[in-house]
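This report describes selected contacts and surface features of one protein structure for a reader who is new to the subject. Please keep the sequence and the structure in view while reading.

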Amino acid sequence: MADSDILKDALEAFKLAAEAEKENRDAALSDLKFARLAEQWPENVRQQREQEGRPCLTINRLPAFIRQVVNDSRQNKPSIKIHPADSEADPETAEIINGLIRNIEYTSNADVAYDTALESAVTMGFGYWRVNVDYAHDDSFDKDIVIETIANPFSVYGDPESTKADSSDWMRAFVVNTMPKHQFKAKYKGANDRKGWDEAYQDLPAPWMENEFVQVAEYWTRDEVPKVIVQLSNGMILDAEKYKANQDTFDTLGLVVTGDRQARSYKVMQRIMSGAEILENNDWAGRYIPIIPVYGEEINVEGKRVLRSLVRDAKDPQRMFNYWRTTSTELVALAPKAPYIGPKGSFNTDAAKWQTANTKSWPYIEFDGGIPPQRQPFDGVPAGALQEALNASDDMKAIIGIYDAGMGARSNETSGKAIMARQRESDTSTFHFIDNLNRSIRHTGRILIDLIPHVYNGDRIIRVLGGDDGKQPQNVRIGQQSQLEEGAERIYDLSAGKYDLTVSTGPSFTTRREEAANQMIELLRAFPQAAPFIGDMLAKNLDWPGADEISKRLKIMLPPQLQNEDGPTPQEMQMQHTIEQGKQMLQQMQARIAELEQDKSLEVRKLDIDAYKAESDRVKAVSAGMTPETIQTLVVQTIMQVLQSPDILPNQQPAASQGPANLNQ
């Protein structure tokens, strides 16, 4: 398609998008100015009051409600989790992709993008972030995926025909930027050479040209393209074009096509345009437009999407609150002072002081005898105005759904469970904002899964971050070969297999670690005997300098079977079994010796018994430095010697003919 036709379609698409979003954008701008800039009085009322010298107070309570929702999300960060989705996908590769996504989020400061978009959605009804690709280093051709903040939500125009909650079905989108004429001319010099400024740009309509500013837009398109896939005799599925390009190789391997079908595929393009021409054409590797919206409260009215903020319905109660607080202040502060009343002629003496008695503090004022002048009593604070202000405050809480307990205020609940239940009610009433954020992050993960094989497709080293289990960052090698010879470094193929994702929401790792430490301390208070077995885990979760070193030292003191986090190995289990057998044999021998010591008829042979007892003690002492097999052999030999001794077991046949079973008699 020619650039002129593309430009014509783009201008028409932008016009439709701007018309479809006009009401939402106007309402969003009003909410933003009302809640954040505290523009809560009608301009004509404010000007009139200022001219008359009357107060015009603004006591903005809405930001506290907004922060309550946004900060709750900051404490419960959603996280993307990748899972294998077919037989070619590898669980280890899935974990590498998980670590890569965590690294992308960390290096991109994705939490800022998420928080900014959510705050915009709560304040004005919608917010956005985007996924982009940039060079990893200034001196490298390797590229990295980045998640970028869109600070100005009004710069994005979405697809008015979209119906999905996360807008993953966008087919058109615009991201606009307004720049001065001189800046535009310097950045896009080719535009001036091709078209000429006077010919193409001077007569552009608004908003493409307005007040010496030029609007430049990223025009994103997502078009469905035909695609044929084939299945080979070994079950492999690939594009028909790829099969044709490598058919000789497949024929050599004896692989033939067993089936083919038409599949759905998409091609995404980014075009940089002004109102007069297409300035750049850029192919996008993924199949989704990488602009992710976060919506507030979404309502469909006769097929039209209406986006509402948290504060939309609370604006009138906020205005009432401002008015009644202003009224009560005005009645108290600007009300006339209660006058003095006295008999006629009482104020003739010191008349100048009496005239200023309500504005100045005099040490004394004289009067002409008789009854002294007296000040009339104060009428009191206007209770009606204060009550109306309280009613307006309660209306705000009821409309938004966040009450005093949810804001941290004291209430009549006394137990921790009751307080948490009341706070949870506030969280539930605003949870749809958090849930919409989760949907957007899930769509972001879908974009990343689709984009990663195209960006991280060469033989290179990438960094992956461990999860909340505390694993350290590591560098891994990626490429087309999934495995090398035994003992060699693993190479991960990120393009092999299909992967799916889930999004989980919960406290951050730091918050969960602190909570785990507190719970462990409570457990040790109730069950101190567990301290030797979980002391290393408790130290690991404490935020102390040197806590990791303390954890390592405590772990060394654990029994061998607990030192291995994955459990004892088969060799360790066999060794432990052998040692336990040796201990049982020693205990049986000691029990037999004790029985013989109690037999007074054998006192004459006490020296021999002491000798065998010393031998058993020697076995225990020597066994500390011996292998389990040697211990077992020594123990058995000693027991057999004891059992075969005619002096120890008089009036019986030699123990060798009866075997070790005599110990159980």
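## Salt bridges

In this predicted model, the count of salt bridges comes to 30. Side chains of opposite charge can pair when their charged atoms come close. Three of these pairs are set out below.

| Pair | Closest N to O distance |
|---|---|
| R130 and E218 | 2.7 Å |
| D239 and K227 | 3.4 Å |
| E298 and R305 | 2.8 Å |

Where do the two residues of the pair R130 and E218 lie? R130 belongs to strand 2 (residues 126-135) and E218 to strand 7 (residues 213-232), so their salt bridge ties together parts that are 88 residues apart in sequence. R130 and E218 are both buried.

Strand 7 takes part in another of the tabulated pairs, since K227 lies in strand 7 while its partner D239 lies in strand 8 (residues 237-239). D239 and K227 are twelve residues apart, and their pair links distant parts of the chain. Are these two residues buried or exposed? D239 has a relative accessibility of 33% and therefore counts as partly exposed. K227, at 29% relative accessibility, also counts as partly exposed.

In the pair of E298 and R305, the two side chains meet in a salt bridge at 2.8 Å, N to O. E298 has a relative accessible area of 35%, so this residue is partly exposed. R305, by contrast, counts as buried because its relative accessibility is 18%, and buried means under 20%. Salt bridges can also share partners: R49, E52, R54 and E330 are joined in this way into one network.

## Aromatic rings

The next topic is the aromatic side chains. A search of the whole structure finds twelve aromatic pairs. A pair of aromatic rings is described by the distance of the centres and the angle of the planes.

One of these pairs is formed by F14 and W208, whose ring centres are 5.1 Å apart. Why is this pair called tilted? The planes of F14 and W208 stand at 55°, and an angle that is neither under 30 degrees nor over 60 counts as tilted. F14 is found in helix 1 (residues 3-35), whereas W208 is found in the loop between helix 8 (197-200) and strand 6 (209-210). The two residues are 194 residues apart, and the pair thus links distant parts of the chain. Both F14 and W208 are buried.

F184 and Y188 form another tilted pair, with 5.3 Å from centre to centre and 40° between the planes. F184 and Y188 are buried as well.

Which residues form one aromatic cluster? The members are F14, Y157, F174, W208 and Y219. Y157 has a further contact, as the charged end of R25 sits over its ring, 3.8 Å from the centre. A similar arrangement involves R287, whose charged end sits over the ring of Y288 at 5.5 Å from the centre of that ring.

## A sheet of three strands

Strands of a sheet pair through backbone hydrogen bonds, either parallel or antiparallel. An open sheet in this model consists of three strands in the order 16-17-18, and its pairing is mixed. Strand 16 and strand 18 (491-492) are the edge strands, each pairing on one side only.

How many bridges join strand 16 to strand 17? There are five, and strand 16 runs antiparallel to strand 17 (residues 474-478). Among the bridge partners, I462 is matched with V476 in strand 17, and R460 is matched with I478 in strand 17.

In a regular strand the side chains alternate between the two faces of the sheet. Strand 16 (residues 460-464) has a covered face made of R460, I462 and V464, while I461 and R463 make the uncovered face.

## Surface features

The surface includes a nonpolar patch of about 290 Å², made by I550, L554 and M557. L554 is located in helix 18 (residues 547-556). With a relative accessibility of 31%, L554 counts as partly exposed.

A383 lies in helix 13 (residues 383-400). At 55% relative accessibility, A383 counts as exposed, because exposed means over 50%. A383 and S328 are 55 residues apart in sequence, and their C-alpha atoms are 8.3 Å apart in space.

Note on methods
Residues numbered from 1 in each chain as written. Predicted model: local features only at pLDDT ≥ 70, side-chain atom pairs only at ≥ 80, totals over all residues. Heavy atoms only, no water. Phe/Tyr/Trp six-rings, centres within 6.5 Å; stacked < 30°, edge-to-face > 60°. Helix = DSSP H or I, 4+ residues; strand = E, 2+ residues; numbered from the N terminus. Buried < 20%, exposed > 50% of the residue type's maximum accessible area, 1.4 Å probe, protein only. Lys NZ or Arg CZ within 6 Å of the ring centre and 35° of its normal. Patch = residues over 30% accessible without salt bridge, like charges linked within 9 Å, V, L, I, M, F, W, Y side chains within 5 Å. Areas by Shrake-Rupley, 256 points an atom, 1.4 Å probe, with all protein chains shown as cover. Salt bridge = Lys/Arg side-chain N within 4 Å of Asp/Glu carboxyl O. Pairing = 2+ DSSP bridges.
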